[in-house]
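Biologist: I would like to understand how the words used for a structure follow from its numbers. Could we go through them one by one?

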Amino acid sequence: MMRDDNCIFCKIAAGEIPSKTIYEDDSYRVILDLGPATRGHALILPKDHYANLFQLPEEKCAEVMKLAKKMGTQMKENLKADGFNLVQNNGECAGQTVFHFHLHLIPRYENDGQKIGWTVGNPSSEELEEIRNRIMGE
Ligand code: 5GP
Ligand code: ZN
């Protein structure tokens, strides 16, 4: 296993620190978040240490999304959720506080009082074109 001895999610994923686990296999553990946004908020943790999405190997990206669909379906049904958010933060400015890749599974309920959002911008077509060219390396 690739691990970082100072990483709390490595310890949780390995079972060295107890957690409310809702799924486990050789490569992943899914746990309830201790500071949930809503009832059932959970985190998919790879057992190997990758700091963020950019470090996560491509094949694991696919595995994580499959697991999100499986767990999301089970959670939505059994918790009677009305909707569902997947959230994944990379970097401190993006809200990442634990630097071991994790995908948030957030069941949503009508009138749950939470919001996951941003203020909407209003760029000109020229600005969008400039950004498009920048992203595409043109
Ligand atoms: P981030 O802000 O990095 O995307 O998300 C970190 C998440 O981990 C937060 O939602 C926080 O509540 C959760 N968290 C932090 N420490 C622990 C812990 O020790 N156990 C569990 N179950 N969740 C944790
Ligand atoms: Zn780790």
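Modeller: Let us start with a cut-off, because a polar contact is a pair of N or O atoms within 3.5 Å. Please keep in mind that this is a predicted model.

Biologist: What makes the approach of L34 to ligand 1 a polar contact?

Modeller: A backbone N or O atom of L34 lies 3.4 Å from a nitrogen atom of ligand 1, and the limit is 3.5 Å, so this pair counts as a polar contact.

Biologist: How do you know that G95 and T97 also make polar contacts with ligand 1?

Modeller: For G95, a polar backbone atom is 2.8 Å from an oxygen atom of ligand 1, and for T97 the distance from a polar backbone atom to an oxygen atom of the ligand is 2.7 Å. Each pair is within 3.5 Å, so both are polar contacts. As for cover, ligand 1 taken alone exposes 520 Å², and the protein buries 80% of that.

Biologist: Which residues come nearest to ligand 1?

Modeller: There are 16 residues around ligand 1, and D33, G95, T97, H102 and H104 come nearest. By class, this shell has 8 nonpolar, 7 polar and 1 charged residues.

Biologist: Why is G95 counted as polar in such a list?

Modeller: The polar class includes Gly, and G95 is a glycine, so G95 is polar by this rule.

Biologist: What does the space taken by ligand 1 amount to among the pockets?

Modeller: That space is the largest pocket, and about 320 Å³ of space lies in it. The pocket is lined by 20 residues, of which F9, I31, L32, D33 and L34 are the closest to its centre. Its lining has 10 nonpolar, 8 polar and 2 charged residues.

Biologist: Which elements supply at least two residues of the shell around ligand 1?

Modeller: Both α1 (8-13) and β2 (28-32) do so, and α1 gives the most, with 3 residues. In the lining of the largest pocket, α1 and β2 again each supply at least two residues, and the largest share, 3 residues, comes from α1.

Biologist: Where do these elements fall in the protein as a whole, and in what order do the elements run?

Modeller: The protein has 3 helices and 5 strands, which from the N terminus on run α-β-β-β-α-β-β-α. Its C-alpha trace spans about 50 × 40 × 25 Å along the principal axes.

Technical notes: Residues are numbered from 1 along each chain as its sequence is written. Chains are lettered from A and ligands numbered from 1 in the order in which they are written. This is a predicted model: local features need pLDDT of at least 70, side-chain atom pairs count only at pLDDT 80 or more; totals for chains, interfaces and linings use all residues. Side-chain values use heavy atoms; hydrogens and water are left out. A residue is near a molecule or strand if one of its heavy atoms lies within 4 Å of it. A polar contact is a pair of N or O atoms within 3.5 Å; within protein, one must be able to donate a hydrogen and the other to accept it, and residues adjacent in sequence count only if both atoms are side-chain atoms. Accessible areas come from the Shrake-Rupley method with a 1.4 Å probe; for residues, only the protein chains shown count as cover. On a 1 Å grid over the protein atoms alone, a cavity is a set of points where a 1.4 Å probe fits but cannot get out, and a pocket is an open set with protein on both sides within 12 Å along at least five of seven lines; lining residues have an atom within 4 Å of a point. A molecule sits in a cavity or pocket if more than half of its atoms lie within 2 Å of its grid points. Helices (H or I, at least four residues) and strands (E, at least two) are DSSP runs, numbered from the N terminus. Grid points are joined across faces, edges and corners, and a volume is the space filled by probe spheres set on the points.
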